[in-house]
Amino acid sequence: MARLKKLGILSGLLLGAAVATPPAAGAFELFGFRLWGSEPEEDRIEIIDPLPYTATLRVSGTEDGGLQKRMETASALWSDRETPASGNAGLISKARGDYRRLLATLYAEGYYGPYISIRINGVEAADLTLAAELPQGVPVAIEIQPGPPFLFGTTRITNAPPFQPEGRDGVEPPRSVGFETGESARSGTITSASALAVEQWRQLSYAKAREADREVIADHPTGRLDVDVTIDPGRKARYGTVTVEGGSRVDREFVAYMANIHEGAPYDPDDLNDAEDRLSSLGVFRSIRIVEEENILGDGSLPMTIVVEDRRRRTIGFGGTYSTIDGLGVQAYWMHRNLFGKAERLRFDAGIEGLLLTSDPADYNYNLGVTFTKPGVISPDTSFFASLLAQQLDWETYRQTSLTARAGFSQRFGAFLTGDLFGEVQRARFTDDFGTRDFLTFALVGRGEYDRRNDPLNATSGYYLAGDLRPFYEAKYGNPALRGTIEGRTYLGFSEDDRFVLAGRAKFGGFGGPPVEESPPDMLFFAGGGGSVRGYAYNSIGVETTDSEGETGVVGGRGLVEGSGEFRFRYNEKYGGVAFADVGVVAAGITPDSSDDVRVGVGLGFRYFTGIGPLRVDVATPINPQPEDSIVAVYFGIGQAF
C-alpha cells in the first residue's frame with residue numbers, strides 16, 4: 001500500500017455606475033465591462049523570446065466521459081496552446097507545473113494511481129534541462145491514464161465534535177458531503193469533511209479549532225482510500241475586549257455598539273457574520289474586517305478588533321429608466337452618509353419621467369423627496385426614518401399631485417427577515433373618470449420581507465416573500481379603509497452550473513372600504529408595466545366602466561391577482577436569454593369573478609451578464625390588447641425582471 005501525504009427594477013436601464021473609458025476601435029464598454037470588440041493594445045502583454053508550440057492531450061483507460069474536459073481545463077499547456085511560451089524556460093516551467101495541476105485534479109476526482117506523461121519534442125518534460133534545444137512550433141504531447149477510481153474505505157475524524165444539524169449553531173455531519181465508506185474518494189470531500197468538523201467546534205465556542213493531522217492511505221489492490229483526519233479543538237473561548245480601529249469619522253463607540261459583540265459572551269462565529277452584515281448595511285464603510293486575536297488569553301477571553309475604512313461622506317448619483325411605452329425617465333440624488341457622526345443618512349432625490357412621449361412638460365411625472373435615516377435607535381437592528389415626498393404623476397388611468405410624509409422604524413430580524421412600521425400622512429389631488437377630487441389620508445403601514453434568494457439580481461435558487469398591510473382613514477369623505485398585498489417568488493435552477501432556471505412570481509392584493517369614487521386611486525389596484533404585466537403600459541390595467549353617456553373608462557379595482565413565469569437560459573458566461581409570460585387581473589371586488597378581464601403578455605428577452613448583474617432587454621406583446629395598447633413593448637433594465 002502507498003501512503004499519500006497531505007498536499008500543501010423594474011423596467012429601467014440604471015446608468016448610475018457607468019464609466020467612460022477610451023475604447024478600442026469597434027469596441028463598446030459599459031460599467032467597466034467590454035460588451036464587444038478587442039482589448040486595447042496597451043492591455044496586451046508582450047512575450048519575451050516567444051516560442052510557439054502545438055499541444056495534444058489524451059485521456060485513456062476510463063469510462064468517465066467528462067474527465068477529458070476537466071483535464072483540458074486543468075492543463076496550462078492546453079489552455080494556453082494558442083499563446084507562445086516565453087522561451088525554453090517558460091515552456092518547461094509550464095509543463096512541470098502541469099504535473100502538479102493534473103495530479104491534483106485527478107485526486108479531486110478520486111483517482112489515486114494515475115500515469116501522467118508530458119513529452120516536449122519527444123522527451124519527458126521532467127528530464128529536460130533549460131539548455132535543451134527546442135524548435136519553433138515544438139510539439140507537446142500530454143498523455144493521462146487515470147487508473148481505477150477509488151472509493152472510501154475507513155473514514156474517521158479523531159476528536160470529532162458532537163454534530164447538531166438543526167438550529168442556528170448546527171452544522172451538517174461529514175457524511176452529508178459523502179465522507180463515508182463506499183462513496184467516491186474525492187480529495188475535496190476530505191477537505192470539506194474536515195472543514196465541517198472545524199466549523200462545528202467553532203460553533204460550540206472553540207474559536208481556534210483546526211485540523212491537526214491528516215492520514216490518507218491508498219490500498220491499490222482494493223481501490224480503497226482509508227482516511228483519518230485529526231481535529232484539535234483547542235480551548236473554549238468567550239469574547240474579550242472589542243476595539244475599533246481604522247480611518248473612520250464614525251464614532252468608535254457607535255461602531256462597537258452596532259457590531260453587537262458583547263464582552264464575556266460565548267464565542268459564536270455567527271455573531272461575527274451578523275456584525276459584518278449590520279455594519280455593512282450602514283452604507284458608510286468602504287471596508288470592514290473583524291480580526292480575532294491570534295491566541296485565547298489565559299482567562300479564556302478572545303479580544304476582537306473591528307477595522308473599518310470610510311467611504312466618501314457625500315455622494316451624487318444618477319440613473320435612468322426607459323421603455324417604449326412609458327418613455328424615458330431620469331433620476332438623481334445627493335446623499336450624506338454620516339451626518340452627525342453615527343452613520344445618519346440624509347438623502348435628496350429628484351426625478352422626471354415620461355420624456356420622449358410628449359413635448360408638454362405638464363404631462364411629465366415629477367418627484368422630489370428627502371429622507372433622513374438614523375440607525376441603532378432602539379437596538380443595533382432598529383433604524384428610525386422620516387421622509388417627505390412631493391409628486392406629480394400622469395398615468396393613463398389617473399393624474400395625481402400629492403405631498404406625502406412618513407416616519408417610522410425599520411427592523412432586521414436575523415439575516416433574512418426585515419420589517420417596517422411607519423405612519424403616513426398624504427394630501428393629494430386626483431383627476432380620473434370621476435373628475436377632480438381631493439383626499440387627506442392618515443395611515444399606519446406595516447410591511448415585511450423574507451428573502452432566501454441566492455442572488456437578488458440573478459437568483460437561481462431560493463425564494464422571496466413580501467407583504468404589507470395598510471389600515472388608513474380618509475378625512476375628506478370620512479371613510480376608514482384597509483389595503484394589503486402579499487407576493488411570493490421562487491426559483492429552481494437545473495443542469496450544470498444552473499444553466500437553466502425556472503422562475504415564478506405570484507402577487508395578490510385586496511382593498512376593503514368605501515366605494516371607489518370615494519377612494520384615493522393610488523390605494524386601489526392597477527396592473528401593467530415592466531414589474532407587472534409586460535406588454536401593457538404602467539398602471540393601464542384596471543376595471544372598465546361605462547358612464548350614462550356610453551363613454552368607457554378605467555378605474556382602480558378592489559382586488560389584484562398577478563402571476564409571472566420565466567424560463568431562463570444561459571448560452572455561456574456572458575450571454576443568455578429568457579422566455580416569459582405574465583398574467584394579471586384587476587377585479588371590481590376583492591376576489592376576481594367571470595366579469596373581470598384577464599390580461600396576458602408574453603415575450604422573449606436577452607441577457608448580458610456582468611459583475612453587477614445581468615443587463616436586461618425584454619420584448620413583450622399583449623395577447624388581448626385593447627384599442628389603445630401598443631402591439632410591442634421593449635424594456636431595458638439591470639437584474640432579472642423579478
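**Exercise 1. Strands around β12**

How many bridges join strand β11 to β12, and do they run parallel or antiparallel? Then describe the hairpin and the other neighbour of β12.

Solution.
Step 1. The model is a predicted one. Strand β11 covers residues 210-219. Nine bridges join β11 to β12, and the two strands run antiparallel.
Step 2. To follow one bridge, start at R214: its partner in β12 is V229.
Step 3. Look at the turn. The hairpin of β11 and β12 has four residues between the strands, and G223 there takes a positive phi near 70 degrees.
Step 4. Turn to β10. Six bridges join β10 to β12 (residues 224-232), and this pair runs parallel. Here F152 stands opposite L225 of β12.

**Exercise 2. Helix α4**

Find whether the length of helix α4 agrees with its number of residues, and state what covers its buried residues.

Solution.
Step 1. Helix α4 spans residues 187-203, which makes 17 residues.
Step 2. The expected span is 1.5 Å times one less than the number of residues, so the helix should span 24 Å.
Step 3. The end C-alpha atoms of α4 are 25 Å apart, which agrees with the expected span.
Step 4. Buried residues of α4 include T189, I190, A193, L196, A197 and W201. Residues three or four places apart in an α-helix point the same way, because there are 3.6 residues a turn.
Step 5. The cover over the buried residues of α4 includes strands β10, β11, β12 and β14 (285-292), together with helix α6 (269-281).
Step 6. Just after α4, S205 takes a positive phi of about 85 degrees.

**Exercise 3. A sheet of three strands**

Give the strand order of the sheet that contains β13, β14 and β15, then name its edges and the helix that packs on it.

Solution.
Step 1. The order is β13-β15-β14, in an open sheet with mixed pairing.
Step 2. The edge strands are β13 (238-245) and β14, each of which pairs on one side only.
Step 3. From one strand to the next, the twist averages 20 degrees.
Step 4. Between β13 and β15 (residues 301-310) there are six bridges, and these strands run parallel. One of the partners is L302 in β15, which bridges to Y239.
Step 5. Helix α5 (residues 252-259) packs on this sheet and touches β13, β14 and β15. The direction of α5 makes about 140 degrees with that of β13.

**Exercise 4. A sheet of four strands**

Which strands stand at the edges of the sheet with β5, β7, β8 and β9, and why does each edge strand have one side without a neighbour in the sheet?

Solution.
Step 1. The four strands form an open sheet in the order β5-β9-β7-β8, with mixed pairing.
Step 2. The edges are β5 (53-59) and β8 (123-124). Each has a single partner strand, so one side of each is left without a neighbour in the sheet.
Step 3. Inside the order, β7 and β9 are joined by six bridges and run antiparallel. S117 has E143 as its bridge partner in β9.
Step 4. Two helices lie across strands of this sheet. Helix α1 (residues 67-74) lies across β5 and β9, at about 145 degrees to β5. Helix α3 lies across β5, β7, β8 and β9, at about 165 degrees to β7.

**Exercise 5. Aromatic rings**

Classify the ring pairs Y112 with F150 and F416 with Y450, and state where these residues sit.

Solution.
Step 1. The model holds 25 aromatic pairs. Planes over 60 degrees apart count as edge-to-face.
Step 2. The ring centres of Y112 and F150 are 5.6 Å apart and the planes stand at 75 degrees, so this pair is edge-to-face.
Step 3. Y112 lies in the loop between α3 (87-108) and β7 (115-120), while F150 lies in the loop between β9 (138-145) and β10 (151-158). The pair links distant parts of the chain, 38 residues apart. Both Y112 and F150 are buried.
Step 4. F416 and Y450 are also edge-to-face, with 6.3 Å centre to centre and 70 degrees between the planes.
Step 5. F416 is in the loop between β21 (399-413) and β22 (417-432), and Y450 is in strand β23 (residues 435-451).
Step 6. F416 has 37% relative accessibility, so it counts as partly exposed. Y450, at 26%, counts as partly exposed.

Conventions. Residues numbered from 1 in each chain as written. Predicted model: local features only at pLDDT ≥ 70, side-chain atom pairs only at ≥ 80, totals over all residues. Heavy atoms only, no water. Phe/Tyr/Trp six-rings, centres within 6.5 Å; stacked < 30°, edge-to-face > 60°. Buried < 20%, exposed > 50% of the residue type's maximum accessible area, 1.4 Å probe, protein only. Pairing = 2+ DSSP bridges. Contact = heavy atoms within 4.5 Å. Axes fitted to C-alpha atoms, helices over the stretch in contact; angles between N-to-C directions.
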